[in-house]
Amino acid sequence: MSQSFTYIDVAGNQAQYTVSERGLDDDFHWSTDHGDRGVASVFEDAQFRARAALKDSMAANRRSDEAARTSKYAVRWRSR
């Protein structure tokens with residue numbers, strides 16, 4: 001069995017992560033809808049790691065989007 005959660009970042013973007021119940025290996029497996037995955041020995045640590053992975057991924061996406069918008073603006077500004 002697993003539990004799914006929604007993480008909402010400061011910009012209002014949403015992403016999902018899932019933490020499985022303790023498995024045969026006695027660990028908690030986690031994954032995100034961004035493709036990150038990992039293992040932790042404690043449920044709370046698995047949640048923390050999944051959220052941290054999403055925070056990093058979503059922040060990188062925001063920076064990439066902001067850079068793209070800035071470069072488009074700069075190109076338009078120079079062309080006039």
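## Strands and pairing

Two strands count as paired when DSSP finds at least two bridges between them. With that in mind, take E2 and E3 in this predicted model: three bridges join the two strands, and they run antiparallel. Within this part of the structure, valine 19 stands opposite tryptophan 30 in E3.

Stepping back, the protein has four strands and one helix, and along the sequence they follow the pattern β-β-β-β-α. The four strands form an open sheet in the order E1-E2-E3-E4, with antiparallel pairing. At its edges are strand E1 (2–8) and strand E4 (37–40), each of which pairs on one side only. On average, neighbouring strands of this sheet are turned by 20 degrees against each other, direction ignored.

## A residue in the loop

Let's pause at the loop between strand E2 (14–20) and strand E3 (28–32), where aspartate 26 lies. Aspartate 26 is not a glycine, yet it has a positive phi of about 70 degrees. Is this residue buried or partly exposed? Aspartate 26 has a relative accessible area of 46%, so it counts as partly exposed, a class that runs from 20% to 50%.

## The nonpolar core

Now for the interior. The largest nonpolar core has 13 residues, and Tyr17, Val19, Trp30, Ala46 and Leu54 are the ones with the most contacts inside it. E2, E3 and helix H1 (43–79) are the elements that give two or more residues to this core. Which of them supplies the largest share? That is H1, with six residues.

Tyrosine 17 deserves a visit of its own. Its relative accessible area is 3%, so tyrosine 17 is buried, the cut-off being under 20%. Leaving aside neighbours within four places in sequence, tyrosine 17 is in contact with Gln3, Ser4, Phe5, Tyr7, Ser31, Thr32, Gln47, Ala50, Arg51 and Leu54.

## Two aromatic pairs

A pair of aromatic rings is described by the distance of the centres and the angle of the planes. The structure holds two aromatic pairs. One of them brings us back to tyrosine 17, which is stacked with phenylalanine 5: the rings are 5.0 Å centre to centre, with 25 degrees between the planes. Because phenylalanine 5 lies in strand E1 and tyrosine 17 in strand E2, this pair ties together parts that are twelve residues apart in sequence. While tyrosine 17 is buried, phenylalanine 5 is partly exposed, with a relative accessible area of 21%.

The other pair is made by phenylalanine 28 and phenylalanine 43, whose ring centres are 5.7 Å apart. Their planes stand at 80 degrees, so this pair is edge-to-face, the cut-off for that class being over 60 degrees. With phenylalanine 28 in strand E3 and phenylalanine 43 in helix H1, the pair links distant parts of the chain, 15 residues apart. Both phenylalanine 28 and phenylalanine 43 are buried.

## The protein as a whole

To close, here are some totals. The protein has 80 residues, and buried residues make up 25% of them. The exposed area of the protein is about 5800 Å², of which carbon and sulfur atoms supply 50%.

What share of the contacts with a separation of 6 or more comes from residues 24 or more positions apart? In this protein, such residues account for 26% of those contacts.

Note on methods:
Residues numbered from 1 in each chain as written. Predicted model: local features only at pLDDT ≥ 70, side-chain atom pairs only at ≥ 80, totals over all residues. Heavy atoms only, no water. Buried < 20%, exposed > 50% of the residue type's maximum accessible area, 1.4 Å probe, protein only. Contact = heavy atoms within 4.5 Å. Areas by Shrake-Rupley, 256 points an atom, 1.4 Å probe, with all protein chains shown as cover. Axes fitted to C-alpha atoms, helices over the stretch in contact; angles between N-to-C directions. Core = buried A, V, L, I, M, F, W, Y, C linked by side-chain atoms within 4.5 Å. Phe/Tyr/Trp six-rings, centres within 6.5 Å; stacked < 30°, edge-to-face > 60°.
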